[in-house]
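Hello,

Here is the structure I promised to pass on to you. Have a look at it first, and then read on for what turned up in it.

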Amino acid sequence: MTDTVLLLSLGERIGAPRAAGIAGRLADGLPNVRVSAYAAVDEDETYLYIDGGEGTLPEVGARVAEQLPGASVRVLHRTLDLPGASSGQDALWHYIVETDVLPEAEADLNAWYDQEHLPGLAAVPGTVRALRYECRHKGPRYLACYDLHTRETFGSPPWLAVRATDWSSRVRPSFRNTRRTMFMRIL
């Protein structure tokens, strides 16, 4: 696993067989490339994460442009990766918060995510892993991703308690272009 991954947004919901076909074409002949695919639950969207080494990303990006001309491609830089309270369990659910932030609140947002929010949600039973990414070339700039063992983890009393802190209430109004999406793993 590297600190940089590609995130493909297909703009449509696809199933596991098609995702496997796309993943196979994108990773063909490239050693150590790993593709994970998630279909949104409540909207027409599929995200594919491509991880496999800094040297392979340009080649995979060229394949995406050729094979999936309608896909949106973002280069994500991993800034935090925390094992969750349920680390080691299967994670069928993937919840993402994508956001920009007002410039004057950026330092506070990053401190909140790194010191309180991401560690707090990682500690909730049912959270397998919590990650933060930064997308430096297009927005939304910040992504927080939570791999969950059960969908019920999201919205559970411990989850809601982490979201209800004073610091959370102070930071959240500075969010801009925010998108929150629940995905189900398909590959």
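Helices and strands here are DSSP runs, numbered from the N terminus, with at least four residues for a helix and at least two for a strand. Please keep in mind that this is a predicted model.

**The cavity**

With those element names in hand, let me start with the enclosed space. The structure holds one cavity of 30 Å³ or more, and the volume of the largest cavity is about 80 Å³. Which element supplies the largest share of its lining? That is α3, with four residues. At least two lining residues also come from each of β5, α4 and β8. The residues around the largest cavity are Tyr95, Val97, Trp112, Tyr113, His117, Leu121, Tyr146, Trp159, Arg163, Arg172, Phe175 and Arg180.

**Helix α3 and the cores**

You will meet α3 again in the largest nonpolar core, which has 25 residues. Within this core, Leu109, Tyr113, Leu118 and Tyr146 touch the most other members. Two or more core residues come from each of β4 (72–83), β5 (93–101), α3 (106–122), β7 (142–148), α4 (157–163), α5 (166–171) and β8 (175–185). Here too α3 gives the most, with six residues. There is also a second, separate core of 22 residues, and its members include Ile22, Ala23, Leu68 and Ala71.

If you follow α3 along its length, you will find a bend of about 50° at Tyr113. Buried in this helix are Leu109, Trp112, Tyr113, His117, Leu118, Gly120, Leu121 and Ala122. When you look at that list, it may help to recall that an α-helix has 3.6 residues a turn, so residues three or four places apart point the same way.

Two residues of the list are worth a closer look. Leaving aside residues up to four places away in sequence, Leu109 touches Val101, Arg132, Tyr142, Val171 and Phe175. The other is His117, which is also found in α3. Is His117 buried or exposed? Its relative accessible area is 4%, so His117 is buried, the cut-off being under 20%. Its contacts, again without residues up to four places away in sequence, are Trp112, Tyr146, Val162, Arg163, Ser168 and Arg172. His117 and two of its contacts, Trp112 and Tyr146, are among the residues that line the largest cavity.

**Two enclosed strands**

Next, have a look at β7. Seven of its seven residues are buried, so β7 is largely enclosed by the rest of the structure. Tyr142, Ala144, Tyr146 and Leu148 are buried on one side of the strand, and Leu143, Cys145 and Asp147 on the other. β7 has antiparallel pairings with β5, over seven bridges, and with β6, where seven bridges join the two strands. In these pairings Tyr95 is opposite Tyr146, while Glu134 is opposite Tyr142.

Strand β3 (residues 46–51) makes a similar case. All six of its six residues are buried, so β3 is largely enclosed by the rest of the structure. Its two faces are both covered, with Thr46, Leu48 and Ile50 on one side and Tyr47, Tyr49 and Asp51 on the other. Strand β1 (residues 4–9) runs antiparallel to β3 and is joined to it by four bridges, with Leu7 opposite Tyr49. Strand β2 (residues 34–40) pairs with β3 over six bridges, also in the antiparallel sense, and Ala37 is opposite Leu48. Five residues lie between β2 and β3, which form a hairpin.

**The pocket**

The same two strands, β2 and β3, together with β6 (127–134), each give two or more residues to the lining of the largest pocket. This pocket holds about 240 Å³ of space. It is lined by 14 residues, and those closest to its centre are Arg34, Ser36, Tyr38, Arg129 and Asp147.

**A buried loop residue**

One last spot to check is Ser86, in the loop between β4 and β5. Ser86 has a relative accessible area of 10%, so this loop residue is buried. Beyond residues up to four places away in sequence, Ser86 touches Pro125, Gly126, Thr127 and Val128.

Happy viewing, and do write back with any thoughts.

Best wishes

Definitions and conventions: Residues numbered from 1 in each chain as written. Predicted model: local features only at pLDDT ≥ 70, side-chain atom pairs only at ≥ 80, totals over all residues. Heavy atoms only, no water. Core = buried A, V, L, I, M, F, W, Y, C linked by side-chain atoms within 4.5 Å. Buried < 20%, exposed > 50% of the residue type's maximum accessible area, 1.4 Å probe, protein only. Contact = heavy atoms within 4.5 Å. Bend = angle between axes of the 7 residues up to and from the residue. Pairing = 2+ DSSP bridges. 1 Å grid on protein atoms, 1.4 Å probe; cavity = no way out; pocket = protein on both sides within 12 Å on 5 of 7 lines; lining within 4 Å. Points joined across faces, edges and corners; volume = space filled by probe spheres on them.
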